[in-house]
Amino acid sequence: MSYDRIEVRPLAGSLGAEIRGVDVRRMDNQTWSEVHQAFLEFRVIAIRDQQLQPDDIMSVSRRFGEPNFYPFVTGMEGYPYIFEIVKEPQETRNFGGGWHSDTTYLAQPPLATVLYALETPAKGGDTLYCNTAAAYDALSDTMKDMLGRLKGVNSAGLKHSGGRASHHKVIGGMKIQGTEQADTYEAIHPIVRTCPDTGRKALYVSRAHTIRFDGMTEDESRPLIEWLQQHQIRPEFTCRVQWEPGTLTVWDNRCTQHSAINDYNGQRRRMQRITVGPQIPA
Ligand code: SIN
C-alpha cells in the first residue's frame with residue numbers, strides 16, 4: 001500500500017507506525033482512507049502533533065466505529081464515552097499495566113481504542129503493543145487446529161492480579177466506578193478470531209481477562225493460557241509507542257494486546273481514552 005497524503009514510518013518489524021502530516025480534525029476522503037488503511041496494515045498508529053478537544057476526539061473516533069461505554073471509569077462531564085487516564089506524581093500503580101485487549105469481557109468488545117496524550121512524563125510512560133495475528137501465524141498447525149475449536153471465558157474480575165477491587169483502590173487519580181459489579185461482566189469468545197476487514201486470524205486470549213476455556217476448569221486452562229500469553233509477547237511481535245503531548249494513538253483490539261509501562265513514579269501522566277466499534281468476535 002502506498003501513502004500519498006500522510007507520512008507513515010513503521011515503529012517495529014511486526015506492528016505499529018507513526019503518522020505525521022495530518023490534522024485529524026480536517027481529513028478529506030482520501031486522507032481518511034489512508035489513515036484507515038494504515039490502521040489495518042500496522043494495527044497501531046501513533047498520529048503525532050494533534051491539538052484536540054473532546055469534540056474532536058469524538059468525531060475522529062466515530063470514523064472507526066460507534067462509541068462504547070467503559071464500565072469502570074466515569075466519563076468526562078458532557079462526554080460520557082471519554083474518560084481520563086491519570087497517574088499523579090504521588091501514585092505508584094497505573095491503569096492498564098499488564099497485557100490485555102480492551103474489555104474482552106463484553107459481549108461486543110470494541111474494535112478500536114483511541115488514546116490521546118495531554119500530559120506525558122519527561123521520561124517513561126510508554127505503551128507496549130503486541131501483534132496477536134503474527135503470534136497466531138507462528139504456531140504449529142496442530143496447535144492452531146486445537147485452538148480453533150476452543151472458546152475462552154473472559155471476566156472483568158482481574159482474578160489473576162489480585163481482583164479489580166484491590167487494583168481500583170490504588171489508582172486514586174481516576175474516577176473509578178462499578179467495581180463491585182466487575183465479577184458479573186463475563187463473555188465467551190473464540191480463542192482464535194478472524195478480522196472481518198483483513199481476513200487475518202489472531203489469538204484472542206489474555207492472562208488478564210481469560211479465566212478459563214469454555215468447558216474446562218480454571219486449573220486445566222491456566223497452563224495453556226499462561227503459555228499463550230508469553231508466546232504473544234515475544235519481542236519480535238511487539239512495538240512501543242513513546243508518547244508526547246498531542247499524540248493520538250489508535251489500536252486494533254481484534255489483533256493486538258497492549259500494556260502501559262509503569263516506570264515514571266513522581267511524574268504526572270494524563271490521557272483521554274475512548275473505545276469504539278462494538279463487534280462480536282467470530
Ligand atoms: C489502557 O487503555 O489500557 C491504558 C493504556 C495507556 O495508558 O497507555
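This tour moves from the ligand to the cavity around it, and then to a second cavity and a pocket. The model is predicted.

**Stop 1: the ligand and its shell**

Select the ligand, and then display the residues around it: Ile85, Phe95, Gly96, His100, Leu115, Thr127, Trp251, His258, Ala260, Arg269 and Arg273. Coloured by class, this shell shows 5 nonpolar, 4 polar and 2 charged residues.

**Stop 2: polar contacts of the ligand**

Keep the ligand on screen and select Thr127, His258 and Arg273 in turn. A polar side-chain atom of Thr127 is placed 2.6 Å from a ligand oxygen atom. For Arg273, the distance from a polar side-chain atom to an oxygen atom of the ligand is 2.7 Å. His258 likewise directs attention to a ligand oxygen atom, with a polar side-chain atom at 3.0 Å.

How much of the ligand does the protein bury? Taken alone, the ligand exposes 260 Å², and the protein buries 100% of that area.

Next, select the strands that contribute to the shell. Two elements each give two or more residues to the shell around the ligand: strand S15, residues 256-260, and strand S16, residues 269-278.

**Stop 3: the largest cavity**

Where does the ligand sit? The ligand occupies the largest cavity. A search of the whole structure returns 4 cavities of 30 Å³ or more, and the volume of the largest cavity is about 120 Å³. This cavity is lined by 13 residues, of which Ile85, Phe95, Leu115, His258 and Ala260 are the closest to its centre.

Strands S15 and S16 are again the elements to select, as each gives two or more residues to the lining of the largest cavity. Which of the elements gives the most to this lining? S16 does, with 3 residues. By class, the lining of the largest cavity consists of 6 nonpolar, 4 polar and 3 charged residues.

**Stop 4: the second largest cavity**

Hide the ligand shell and select Ser101, Thr104, Thr132, Asn154, Leu203, Tyr204, Val205, Ser206, Thr210, Asn253, Thr256 and Gln257, which line the second largest cavity. The space enclosed in this second cavity is about 70 Å³. Its lining divides into 3 nonpolar and 9 polar residues, with no charged residue.

**Stop 5: the largest pocket**

Finally, turn to the largest pocket, which holds about 370 Å³ of space. To centre the view, select Gly97, Gly98, His100, Leu158 and Ala208, the closest to the pocket centre of the 21 residues that line it. His100 has already appeared on this tour, among the residues that surround the ligand.

Then select helix H5, residues 164-169, which gives the most to the lining of the largest pocket, with 3 residues. What classes make up this lining? The residues that line the largest pocket comprise 6 nonpolar, 10 polar and 5 charged.

Conventions. Residues are numbered from 1 along each chain as its sequence is written. This is a predicted model: local features need pLDDT of at least 70, side-chain atom pairs count only at pLDDT 80 or more; totals for chains, interfaces and linings use all residues. Side-chain values use heavy atoms; hydrogens and water are left out. A residue is near a molecule or strand if one of its heavy atoms lies within 4 Å of it. A polar contact is a pair of N or O atoms within 3.5 Å; within protein, one must be able to donate a hydrogen and the other to accept it, and residues adjacent in sequence count only if both atoms are side-chain atoms. Accessible areas come from the Shrake-Rupley method with a 1.4 Å probe; for residues, only the protein chains shown count as cover. On a 1 Å grid over the protein atoms alone, a cavity is a set of points where a 1.4 Å probe fits but cannot get out, and a pocket is an open set with protein on both sides within 12 Å along at least five of seven lines; lining residues have an atom within 4 Å of a point. A molecule sits in a cavity or pocket if more than half of its atoms lie within 2 Å of its grid points. Helices (H or I, at least four residues) and strands (E, at least two) are DSSP runs, numbered from the N terminus. Ala, Val, Leu, Ile, Met, Phe, Trp, Tyr, Cys and Pro count as nonpolar, Asp, Glu, Lys and Arg as charged, and the others, Gly among them, as polar. Grid points are joined across faces, edges and corners, and a volume is the space filled by probe spheres set on the points.
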